[in-house]
Amino acid sequence: MMQSDPEVASTSTVPPQPGPSTFTRAPKGKACLNCRRRKLKCDCARPVCSQCIRYGRERDCEYTDKHQLSRTEMLEETIVTLRARVRELEHLEEDHSPFAPLRQSPRWRDHSSSGGSRSPDPFDAVPTYLETQTLVQAFLPYCTDVGFCLNINRFLGWIFSPISSVSPASREASTRQPIICKDRRNPLLWAVFVWGATFADNPDLKQHVHSYLSNALQSLSISPPSSNSKTHHVDVLHRIQSEILIANYFLNSGQFVEARQHISSATSLVSTYDLHKIRSHHTHDPSLMYSVPGSEPSTSLPPPLDTVEEGERISVFWQVYILDKTWSTVLGKPSFLNEAGSTHTYIDTPWPLAVEQYVEGPVPSDYGVAGRTLHRFLYEAQNFQPPRRLPTLALRAQAAALLDRALVLSSSCALDPRLRALNTTEIENLEALINRFLHFLGTLRDSQAQHSAEWMRSITVTQCLTRLASMQLYFAWFEEDIKSASKVMCGCKAIMELVQYLPPLQLRHMDPLLPVMLTSVAQVCCNEQLRMRNPMMYNRQLITCTHPFYLEQTVENVAKLLTIVNGDSILSALQHNTVESYLSMLVVPSMNSTMNLPL
């Protein structure tokens, strides 16, 4: 039976409520919001008026005045702001496509001709030399974990060259002054400060993270320097490196939409400047850099000054590739970089070499001449024998390529089961390549008695990523095929062993990808145990490592690790909360359907 509205119902239908029987009419504009909406006489009693008490609407009784918004008004204002932000981000993401030039990006604004009075320039508030030194020292030990891949010595010279050129007598006084960088609007300067303040133990520096981030974003929004600039080639690399660092910062903060925006910008920049065509055999240009026929000269970088700069260009491209392929898989989003079948989209840039090879030489005479780098690795690597000096960046890029290929194969077969039989040979070849790659990583890890902490962190994430590729390849048949289920569960076990091998101190600052991979392990184990509790859903035999105690223990161990891995990051906190929810599901037996996995 439908109830009448209080203001039109008879008094006999309304139960008696506490409060006075008569009401004093409120002054105009002073009534509570609920009484205004319902056109009731309000007595303006605080904190709740008599009318709201009478009709049981105490929670709706709100007051507002000229100087303060009510809770409802603040929520409505927040909703309007968030909707506008969502529309803005969706529009930005739609503006980018794989290998599309970023010549007219809406994010680039020209501030050179802005009129009106000049507001205080936030770029003037730069840290002092000593603060900069502290920030850079905090950044360097973990710089490769967040995607930094430029030559460190040249980077340090770029930041500190002004102070090193002054006389010793004035140097001490200069250390207490703001650092005199060549370009305070260079986004790389502020992106490094963001991560330096994040890693620093000094709380006074940590409080500046958001102001540094604001400056980094503002400097990225300013139009890039003209191609006629003498430092244009360096500015391009700095801009791409900044996009990488800021994207990883947003990922570490759990802000995936903003991170995707910066990944998109980075991929568009490497495409615009043909960094996927370094040393390409398609060109007749005698320079080392390949320029696409018909492309605008202004978008092609000049030849590198030396092999060190060429190495920076190669490393920057592969760092963008890693970021794009790994996080597009994790987030279930389309990749920005794809070899779409045309010559222009083929990735010919060779795998990066060790830094000392670019600095000291010699660079092999046949370096990069074969082209089609990814194709040769994925389809022509029957005798996989990578050089021992291959750096961790190249290994990570190869692991990302394996993950991407595994995703493509498993997704296509999941959509059409008939394709599994047709692609059996390709699936087996990819599995064999993954196994050979894992064996190589294991022997590389055991080949030396001691490794640097940076190297161990990097190789651990690379091994976990390769294990994830193996899991991804067979996850489509996890529920019905014992062989596929065994491979997936063994991958989970291997990832846990790899991460638990590292000392807790090294886990404090890891690649933002690691917490997400650990959560995937917990999710697989939780789903497996829920299936085992429901006989109607469990149609295959048990495998060794799926004992209920082991599964629950693995989820508990993941929860413990996520309190250590990047312990102060929002992303780790979010992943930890997710894993805790898995544990709560295991405590109370559930007959519900399993969760959807991100793999």
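The following legends describe close-up views of a predicted model of one protein chain.

**Figure 1. Overall composition of the predicted chain, which has 22 helices and zero strands.** Of the 599 residues in the protein chain, 50% are buried. Among contacts with a separation of 6 or more, 72% join residues 24 or more positions apart. The accessible surface of the chain comes to about 29,400 Å², and carbon and sulfur atoms contribute 54% of that area. The structure holds eleven salt bridges and 20 aromatic pairs.

**Figure 2. Salt bridge between Arg-457 and Asp-145.** The closest N and O atoms of the two side chains are 2.8 Å apart. Arg-457 belongs to helix 18 (residues 453-474), whereas Asp-145 lies in the loop between helix 4 (129-139) and helix 5 (152-164); the pair thus links distant parts of the chain, 312 residues apart. Arg-457 counts as buried, at 4% relative accessibility. Asp-145 is likewise buried, with a relative accessible area of 7%.

**Figure 3. Helix 18, a mostly covered helix.** Of the 22 residues in helix 18, 19 are buried. The end C-alpha atoms of helix 18 are 32 Å apart, which agrees with the span of 32 Å expected for 22 residues at 1.5 Å a residue.

**Figure 4. Salt bridge between Arg-154 and Asp-306.** The side chains meet at an N to O distance of 2.5 Å. Because Arg-154 lies in helix 5 and Asp-306 in the loop between helix 11 (256-272) and helix 12 (307-331), the pair ties together parts that are 152 residues apart in sequence. Arg-154 is partly exposed, with a relative accessible area of 39%. Asp-306 also counts as partly exposed, at 30% relative accessibility.

**Figure 5. Surroundings of Lys-487, which meets Glu-431 in a salt bridge and sits over the ring of Tyr-474.** The N to O distance between Lys-487 and Glu-431 is 2.4 Å. Lys-487 lies in helix 19 (residues 482-501) and Glu-431 in helix 17 (residues 424-446), so the salt bridge ties together parts that are 56 residues apart in sequence. Lys-487 counts as partly exposed, at 22% relative accessibility, whereas Glu-431 counts as buried, at 14%. The charged end of Lys-487 is 5.3 Å from the centre of the Tyr-474 ring.

**Figure 6. Aromatic pairs Phe-139 with Phe-148 and Tyr-142 with Phe-199.** The ring centres of Phe-139 and Phe-148 are 5.5 Å apart and the planes stand at 90°, so this pair is edge-to-face. Phe-139 and Phe-148 are both buried. The pair formed by Tyr-142 and Phe-199 is tilted, with 5.2 Å centre to centre and 50° between the planes. Tyr-142 lies in the loop between helix 4 and helix 5, and Phe-199 in helix 7 (residues 187-199); this pair links distant parts of the chain, 57 residues apart. Tyr-142 is buried, with a relative accessible area of 18%, and Phe-199 is buried, with a relative accessible area of 8%.

**Figure 7. An aromatic cluster and a charge placed over a ring.** One aromatic cluster is formed by Phe-317, Trp-318, Tyr-321, Trp-351, Phe-377 and Phe-437. In a separate panel, Arg-46 lies over the face of Tyr-63, at 3.8 Å from the ring centre.

Conventions:
Residues are numbered from 1 along each chain as its sequence is written. This is a predicted model: local features need pLDDT of at least 70, side-chain atom pairs count only at pLDDT 80 or more; totals for chains, interfaces and linings use all residues. Side-chain values use heavy atoms; hydrogens and water are left out. Helices (H or I, at least four residues) and strands (E, at least two) are DSSP runs, numbered from the N terminus. Buried means under 20% relative accessible area, exposed over 50%, partly exposed in between (1.4 Å probe, protein chains only). Contact means heavy atoms within 4.5 Å. Accessible areas come from the Shrake-Rupley method with a 1.4 Å probe; for residues, only the protein chains shown count as cover. A salt bridge is a side-chain nitrogen of Lys or Arg within 4 Å of a carboxyl oxygen of Asp or Glu. The expected span of a helix is 1.5 Å times one less than its number of residues. Rings of Phe, Tyr and Trp (its six-membered ring) pair if their centres lie within 6.5 Å; planes under 30 degrees apart count as stacked, over 60 as edge-to-face and the rest as tilted. A charge sits over a ring if NZ of Lys or CZ of Arg is within 6 Å of the ring centre and within 35 degrees of the ring normal.
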